[in-house]
Amino acid sequence: MDAGLEYVSDLNETIRSLYTALIDADSRAEIHRSVCQALTTIDRVDAAWIGTVDHDRNVVEPAAQAHLPPEFLDDQSFSLADDRPAPEAQVADERTVVDVDRIPVGVHEEPWRNTALIHGFRSVVAVPIRHEELFYGTLTVYSTETDALDERTTRLLEEFGTLVGFVTNAVERRDAFGDDQMVDLTVDVEPGEEDVCVALASRLETTVEVGNVTRRNRNSHVLHCSIDDVDPGTVTDVVAEIPGLESIRPLSESASTAYELVVVDQCVASRAVPISALLRSIRVTPTNCQIVFSVPEYRDYQRFLEQVRDVFSAATLVAKRQASEAGSVPVPELLEASLSEKQDEALRTAYHSGYFDDDRKRTGAEIATSLGIAQPTFSKRLRSAQRDLLAAILESDSL
C-alpha cells in the first residue's frame, strides 16, 4: 500500500475506534483526553492538544494535551488579538482550518513559528471543533517533520473536529436535561430581518410564539406556533410573500391561534435547537426576539451566552429565574433516555398538532405529510414512543 494511503487509513481507523468511546464519554474533559491520546498514536503526529476560548482574556486556553513539551503551552502566545496569531488563535478567531506544512518558512515574520521550532515542531494543522453553528474550541496536531500532514489528512482532521463537536453537544445536552436544579435564562437575540419568523411577525404586525420545532428533513423544519389577533385567512395568505416559508396551516377549522409552519432552510427556531440547553419558548415580535432556555444551575452563564452568540450575531441576557425545585420530575431527561430521536419527533409533533385532542385537529396521515414520511411510518413511531415512554414511567423503581 502507498505510504500516504496507509497513513490516511490509519487515521480513519483511529477515528472509527474513537467513535464508540466518544459516544460513551461522561464529560467534555473525558472527550478531550481521549481525542488527544488517540491522535498521537498515528504515525507523524507527535503531539496534540485541544483548546477552548477564554472570552474574558480573548485567548485560547489548554483543555487537554498529549505529548507536548511541558513548557510549550507556557512559551507560546495564543491570543486572538496578536497581529500574526498562532494557528490555534487564528482558528478560534476565523473558525477556519489552518494548515502549515513548513513551519521554518517565515520564522522571522511570525513569532509562533520560532517557538514551535524551538520545541522541535516542523508542521501543524489546527481545526475547529464545531457542531452546526456552535464553536467548542480548537483541535491541533503537531509533527516534527515538514510536509507531514497532507491535504487528505487535513480534511480528515476537519471531519474529526466536527465529530468531536457533535459528541460534545450531545454530552452537554444530556447534562442540560438531566439536572433537577434548573434556571430559566431569557435571552434577546438578533436573527436578522430576513429570518422567516421575524418576517412573519413583521408582515402580520403581531407576535409569533414558537412552541415546538421538528426537523422535517435536512433542509426544512416543522414549527408549531401561536399567532394572536390575526384572521386565519390573513395568516395563510402571507405564504407567497415570505421567502423560505413553504406553508402555514391552522390546526383547527374554527377560529384558532395555533398554526403549523413548514420552513425551508434555517430560521431562529431551528437554529436555537442545537444549543445545549432545554428550549422553553421563542417569542418573536416585529422588533424583538426572545428565547427562554433552561440550563443547570451550575452552568457558566457567560460561557453559555458565548455559545448563543456563536449562533446569533448578538445575545443579551435579560432575565434569570429558578425553573424548578429540587425533587421535581426530570421530564426532559425521561424523554431523552426513553425515546429515540424519531420517536420523540413523532410524539411531540402529534401533541402540538392536536392529534390527542378530543376534537382531533389533525389525522395521522396529515401529520405524516407534514413530516415528509409515510403514514404507517408515523403510526409505528408514535405507538413505539407511547409504549417506551409508558414503560419508563410504569416500570420505574421510584413509583
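In this predicted model, helix α12, residues 341-352, lies across strands β7 (208-217) and β8 (220-227). The helix runs at about 140° to β7. Helix α13, formed by residues 364-371, also packs on the sheet. Its contacts reach β7, β8, β9 and β10 (258-264). The direction of α13 makes about 75° with that of β7.

The sheet beneath these helices was examined next. Eight strands build it, in the order β9-β10-β8-β7-β11-β12-β6-β13. The sheet is open, and its pairing is antiparallel. Strands β9 (245-250) and β13 (315-322) form the edges, and each pairs on one side only. On average, neighbouring strands in this sheet are turned by 25° against each other, direction ignored. Strands of a sheet pair through backbone hydrogen bonds, either parallel or antiparallel. One pair in this sheet joins β6 (residues 182-189) to β12 (residues 289-296). These two strands run antiparallel and are joined by seven bridges. Within this pair, Val 183 has Val 295 of β12 as its bridge partner.

A second sheet is also open, with five strands in the order β2-β1-β5-β4-β3. Its pairing is antiparallel. Strands β2 (59-66) and β3 (98-100) stand at the edges. Each has a single partner strand, so one side of each is left without a neighbour in the sheet. Neighbouring strands here are turned by 25° against each other on average, direction ignored. Seven bridges link β1 and β2 in the antiparallel sense. Thr 52 stands opposite Glu 61 of β2.

Helix α7 covers residues 196-204. Seven of its nine residues are buried, so the helix is largely enclosed by the rest of the structure. The buried residues are Val 196, Cys 197, Val 198, Ala 199, Leu 200, Ala 201 and Leu 204. An α-helix has 3.6 residues a turn, so residues three or four places apart point the same way. Asp 195 caps the N-terminal end of α7. A side-chain oxygen of Asp 195 lies 2.9 Å from the backbone nitrogen of Cys 197. Just after the helix, Glu 205 takes a positive phi of about 55°.

Open and closed spaces were then searched. The second largest pocket has a volume of about 340 Å³. Its lining counts 16 residues. Closest to the pocket centre are Val 53, Asp 54, His 55, Arg 303 and Glu 306. Three elements, β1 (47-54), β5 (134-143) and α10 (301-311), give two or more residues to this lining. Helix α10 supplies the largest share, with five residues.

A search of the whole structure finds one cavity of 30 Å³ or more. The largest cavity has a volume of about 30 Å³. The residues that line this cavity are His 131, Glu 132, Glu 133, Leu 134, Arg 271, Pro 274 and Val 311.

Taken as a whole, the protein chain has 14 helices and 13 strands. Of its 399 residues, 49% count as buried. Among contacts in the chain with a separation of 6 or more, 64% come from residues 24 or more positions apart.

Definitions and conventions. Residues numbered from 1 in each chain as written. Predicted model: local features only at pLDDT ≥ 70, side-chain atom pairs only at ≥ 80, totals over all residues. Heavy atoms only, no water. Buried < 20%, exposed > 50% of the residue type's maximum accessible area, 1.4 Å probe, protein only. Helix = DSSP H or I, 4+ residues; strand = E, 2+ residues; numbered from the N terminus. Polar contact = N/O pair within 3.5 Å; in protein donor to acceptor, adjacent residues only side chain to side chain. Pairing = 2+ DSSP bridges. Axes fitted to C-alpha atoms, helices over the stretch in contact; angles between N-to-C directions. Contact = heavy atoms within 4.5 Å. 1 Å grid on protein atoms, 1.4 Å probe; cavity = no way out; pocket = protein on both sides within 12 Å on 5 of 7 lines; lining within 4 Å. Points joined across faces, edges and corners; volume = space filled by probe spheres on them.
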